[in-house]
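Grab the model and work through a few short exercises. Try each task yourself before you read the solution.

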Amino acid sequence: MQVDFYHLTRDPVERVLPVLATRTLGLGERMLIVSADPAHRAALSHALWTHTPESFLAHGERDGPNPQVQPLLLADRVEAVNGARFIALADGLWRDEALDFARIFLLFGEATIAGARKAWVALGEREGLARHYWKQDGGKWVEQTPGKRQDGHDGQH
């Protein structure tokens with residue numbers, strides 16, 4: 001199992017999620033996208049429809065028609081009605097139920113960073129789990145070690 005922590009420092013989740021969803025679909029996988037807030041799910045849905053001018057990412061809502069056939073499914077809770085093996089915790093809130101998935105994306109910003117830190121520490125003690133921490137560096141994502149700056153210093157003397 002792999003958990004990818006995406007620290008959103010530049011782009012909002014509405015710009016990052018469609019990229020992760022596109023890659024997930026490219027791997028032949030399905031994704032469950034979780035956010036407790038209905039307005040946030042609506043914004044994510046809009047972002048999936050308008051990600052690129054030439055295409056859209058087909059998706060639906062858990063409580064909408066035929067959720068089981070949706071390659072990308074927006075939901076307020078962790079329940080893979082669509083058979084997804086990948087999950088995006090798009091509201092930045094860790095949920096232990098996500099550990100039933102093969103790959104987990106936790107997308108968090110400054111408002112949810114404390115919870116992400118707690119999840120990082122707690123997951124560090126689990127066997128068979130790979131954690132990766134990604135942070136934006138200009139226009140690209142760079143894997144980093146939490147607590148370390150890019151220059152290799154940990155900020156302590």
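A word on ground rules: this is a predicted model, where local features need pLDDT of at least 70, side-chain atom pairs count only at pLDDT 80 or more, and totals for chains, interfaces and linings use all residues. Residues are numbered from 1 along each chain as its sequence is written, and side-chain values use heavy atoms, with hydrogens and water left out.

**Exercise 1. Place leucine 32 and work out its surroundings.**

Step 1: find the element. Leucine 32 sits in strand β2, residues 31–34; strands here are DSSP runs of E with at least two residues, helices are runs of H or I with at least four, and both are numbered from the N terminus.

Step 2: check the accessibility. Leucine 32 counts as buried because its relative accessibility is 0% (buried is under 20% relative accessible area, exposed over 50%, partly exposed in between, with a 1.4 Å probe and protein chains only).

Step 3: list the partners. Skipping residues up to four places away in sequence, leucine 32 touches residues including Leu73, Val78, Phe86, Ile87 and Phe101 (contact means heavy atoms within 4.5 Å).

Step 4: try a C-alpha distance. Glycine 83 is 51 residues from leucine 32 along the chain, yet their C-alpha atoms are separated by 8.5 Å.

**Exercise 2. Decide whether asparagine 82 is buried or exposed, and find a polar partner.**

Step 1: asparagine 82 belongs to the loop between β4 (72–75) and β5 (86–89).

Step 2: with a relative accessible area of 4%, asparagine 82 is buried.

Step 3: a polar atom of the asparagine 82 side chain lies 3.0 Å from the backbone oxygen of glutamine 70.

Step 4: leaving out neighbours within four places in sequence, the contacts of asparagine 82 include Arg30, Met31, Pro67 and Leu73.

**Exercise 3. Test the length of helix α1 (residues 13–26).**

Step 1: the 14 residues of α1 should span 20 Å at 1.5 Å a residue (the expected span is 1.5 Å times one less than the number of residues).

Step 2: the end C-alpha atoms of α1 are 20 Å apart, which agrees.

Step 3: look at the buried residues of α1, among them Val13, Val16, Leu17, Leu20 and Thr24. An α-helix has 3.6 residues a turn, so residues three or four places apart point the same way.

Step 4: just past α1, glycine 28 takes a positive phi of about 80°.

**Exercise 4. Sum up the whole chain.**

Step 1: count the elements, and you get three helices and eight strands.

Step 2: buried residues make up 43% of the 157 residues.

Conventions: A polar contact is a pair of N or O atoms within 3.5 Å; within protein, one must be able to donate a hydrogen and the other to accept it, and residues adjacent in sequence count only if both atoms are side-chain atoms.
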